[in-house]
Amino acid sequence: MRDLDALFQALQRSDFRARFKLNAKDQHYLQQKGLAVVLDHAEKFIAERLAPATPANDGQQTPMRGHPVFVAQHATATCCRGCLSKWHQIPAGRALTLEEQAYLVVVIEHWLAANLQQA
C-alpha cells in the first residue's frame, strides 16, 4: 500500500489514469446520494469484486462507467488485482485483508472528494 500523496502524483503522470473524469450523470448521482452512501457502494464492490484471492473475470470485473465508484476505480488503479499489484503493491493470489479493503475505499474517497469539489 502506498502513501496517498505519492500515489496520486504517480496517477496524474499516467495518461490513461488521468483521463478519467466524472460525467454529469455521475456528478449528479454523487451529489444526490452523498459521499457516504457512494462509499458504502465502494465497500461492497471491493468486497465482492476485488477481495477474493481469485476474483471472477479479474481484469474485466469493473465496468468503465455506470457508477461514480467504477470511474474512480479506474482513475485510481483500484479496478483489478493486476492494477492493485502494480500501483498499490498489494499482491494477487490471496484474499485482501480488511485493512487493504479499507485502504482502497480511502483511495476512492480521496479521488471522489477531489472530483466532487470540481463540480
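Helices (H or I, at least four residues) are DSSP runs, numbered from the N terminus. The model is predicted: local features need pLDDT of at least 70, side-chain atom pairs count only at pLDDT 80 or more, and totals for chains, interfaces and linings use all residues. Residues are numbered from 1 along each chain as its sequence is written, and side-chain values use heavy atoms, with hydrogens and water left out.

**Exercise 1. Locate Ser 14 and describe its surroundings.**

Step 1. Ser 14 belongs to the loop between helix 1 and helix 2 (15–18).

Step 2. Buried means under 20% relative accessible area, exposed over 50%, and partly exposed in between (1.4 Å probe, protein chains only). Ser 14 has a relative accessible area of 15%, so it is buried.

Step 3. A polar contact is a pair of N or O atoms within 3.5 Å; within protein, one must be able to donate a hydrogen and the other to accept it, and residues adjacent in sequence count only if both atoms are side-chain atoms. A polar atom of the Ser 14 side chain lies 3.2 Å from the backbone nitrogen of Arg 17.

**Exercise 2. Determine how the buried and exposed residues of helix 1 are arranged.**

Step 1. Leu 7, Phe 8, Ala 10 and Leu 11 are buried in helix 1.

Step 2. Seen down the helix axis, the buried residues of helix 1 fall within an arc of 160°, so they line one face. The arc is taken from the directions from the helix axis to the C-beta atoms.

Step 3. The face of helix 1 turned away from this buried side carries the exposed residues Asp 5, Gln 9, Gln 12 and Arg 13.

Step 4. At the N-terminal end, helix 1 is capped by Asp 3, which has a side-chain oxygen 3.2 Å from the backbone nitrogen of Asp 5.

**Exercise 3. Classify the ring pair of Phe 16 and Phe 20.**

Step 1. Rings of Phe, Tyr and Trp (its six-membered ring) pair if their centres lie within 6.5 Å; planes under 30 degrees apart count as stacked, over 60 as edge-to-face and the rest as tilted. The whole structure holds 2 aromatic pairs by this search.

Step 2. The ring centres of Phe 16 and Phe 20 are 5.2 Å apart and the planes stand at 85°, so the pair is edge-to-face.

Step 3. Phe 16 is partly exposed at 35% relative accessible area, whereas Phe 20 is buried at 9%.

**Exercise 4. Identify the contacts of Trp 111 and its place in the largest nonpolar core.**

Step 1. A nonpolar core is a set of buried Ala, Val, Leu, Ile, Met, Phe, Trp, Tyr and Cys residues joined through side-chain atoms within 4.5 Å. The largest has 34 residues, and Trp 111 is among those touching the most other members, together with Leu 96, Leu 104, Ile 108 and Leu 112.

Step 2. At least two residues each come from helix 1 (4–13), helix 4 (35–50), helix 5 (68–75), helix 6 (81–88) and helix 7 (98–117). Helix 7 gives the most, with 7 residues.

Step 3. Contact means heavy atoms within 4.5 Å. Beyond four places away in sequence, Trp 111 touches Phe 8, Phe 20, Lys 21, Leu 22, Val 71, Ala 72, Ala 75 and Thr 76.

Step 4. In helix 5, 8 of its 8 residues are buried, including Val 71, Ala 72 and Ala 75.
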